[in-house]
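Dear colleague,

I am passing on the structure that we spoke about, and I would be glad if you could open it before you read the notes underneath.

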Amino acid sequence: MRFSVDQYQQVVRPVAVDDLDLDHAFAERRLAEPVLRCLRYMHDVELHTVCYLRDLLVTSAHRDPEITTFLTMWVYEEYWHGGALARVLRAHGEQAGRPRIERVRRSRRIAEAVAPLKHMLGSAIAGPSMAAVHMTWGAINEWTTQAGYARLAAKADHPALTELLRRIMKQEGRHIDFYASQAAARLTGDGRARRLTRFALRKAWRPVGSDVMPAEEVDHLVGFLFGDDEGRVMLERIDRRIDRLPGLADLRLVSGAADRRAA
Ligand SMILES: [Fe+2]
Ligand SMILES: [Fe+2]
């Protein structure tokens with residue numbers, strides 16, 4: 001079924017947090033340090049979404065009003081995912097939200113200045129097929145993000161966190177529906193888009209947040225969430241979904257990335 005942006009914009013809202021009484025829930029039982037470390041990563045990356053949006057808008061993707069309408073809603077929901085995770089971190093006495101993000105941004109001044117130029121140039125060289133790359137990239141990042149939250153909920157086994165992550169995952173599911181349906185539509189019947197997407201994924205795809213977070217944090221996140229049997233099963237399931245997109249069979253993209261991180 002085709003994703004309806006009109007329907008989506010009716011249901012967009014900040015993920016609900018107030019009824020969860022997070023301060024009390026985590027005062028009673030704190031999360032373990034490896035879980036908090038993943039949450040810091042996810043907080044930083046969710047709140048980086050607006051910078052990914054900036055990079056997308058300098059490409060040909062901005063010409064499609066269906067895409068720009070979706071992105072407007074998407075960035076809002078991702079912002080509130082970051083806000084919700086900030087509440088969890090604050091409940092553990094940690095700095096979160098804008099003061100933490102200010103530090104992340106300051107440390108990336110040059111990279112962030114260059115990123116839109118790279119995207120603009122890539123889009124100019126690749127032409128309209130570049131939108132297929134971005135939509136496929138988005139689908140894979142949303143699939144892996146949702147899987148990451150599922151794994152984190154299972155690992156932490158904390159009722160308040162499980163409920164919060166369940167709500168976030170539900171919204172990530174709508175993001176998946178948009179990106180995956182866009183990717184399938186754009187790859188179908190466009191050989192150039194298929195070749196370009198396959199090439200770009202093989203050359204440049206890395207786990208979500210790899211471009212923002214230090215390598216040791218990426219290693220911890222991937223190892224902690226996906227290093228065991230259940231984690232591997234989830235990655236293989238995502239690889240099968242990627243395989244089913246036109247022209248992307250047998251990439252072993254996300255399992256392969258986890259293998260390289262574990263090596
Ligand atoms: Fe999110
Ligand atoms: Fe998302």
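The notes below go through the metal sites and then turn to one arginine.

Please keep in mind throughout that this is a predicted model.

I began with the iron ion (ligand 1), whose protein donors are the OE atoms of Glu46, which is listed twice, together with Glu78 (OE), His81 (ND1) and Glu172 (OE), at distances of 1.9 to 2.4 Å from the ion. If you follow these donors along the chain, you will find them in the spacing E-x31-E-x2-H-x90-E. Two of these residues show how the site brings together distant parts of the chain, since Glu46 belongs to helix 3 (residues 33-46) and Glu78 to helix 5 (residues 65-91), with their positions 32 residues apart in the numbering. Glu46 counts as buried because its relative accessibility is 6%, which is under 20%, and Glu78 is likewise buried, with a relative accessible area of 4%.

The iron ion (ligand 2) has as its protein donors Glu78 (OE), Glu142 (OE, listed twice), Glu172 (OE) and His175 (ND1), which lie 1.9 to 2.5 Å from it. Along the sequence, the donor residues of this ion are spaced E-x63-E-x29-E-x2-H. You will notice that Glu78 forms a bridge between the iron ion (ligand 2) and the iron ion (ligand 1), and that the two ions are 3.8 Å apart. Glu78 is in helix 5 while His175 is in helix 9, so this pair ties together parts of the chain that are 97 residues apart in sequence. His175 is buried too, with a relative accessibility of 0%.

The arginine I mentioned is Arg167, which is found in helix 9, a helix that runs over residues 159-187. Is Arg167 buried or exposed? Its relative accessible area is 17%, and because buried means under 20%, Arg167 counts as buried. The side chain of Arg167 makes a polar contact of 2.9 Å with the side chain of Asp19. When neighbours within four places in sequence are set aside, the residues in contact with Arg167 are Val15, Ala16, Val17, Asp19 and Leu20.

When you look for yourself, you could start from Glu78, which coordinates both iron ions, and then move along to Arg167 in helix 9.

With best wishes

How values were computed: Residues are numbered from 1 along each chain as its sequence is written. Chains are lettered from A and ligands numbered from 1 in the order in which they are written. This is a predicted model: local features need pLDDT of at least 70, side-chain atom pairs count only at pLDDT 80 or more; totals for chains, interfaces and linings use all residues. Side-chain values use heavy atoms; hydrogens and water are left out. Helices (H or I, at least four residues) and strands (E, at least two) are DSSP runs, numbered from the N terminus. Buried means under 20% relative accessible area, exposed over 50%, partly exposed in between (1.4 Å probe, protein chains only). A polar contact is a pair of N or O atoms within 3.5 Å; within protein, one must be able to donate a hydrogen and the other to accept it, and residues adjacent in sequence count only if both atoms are side-chain atoms. Contact means heavy atoms within 4.5 Å. Donors are N, O and S atoms within 2.8 Å of the metal (3.2 Å for Na, K and Ca); water is not among the atoms, so sites may look incomplete.
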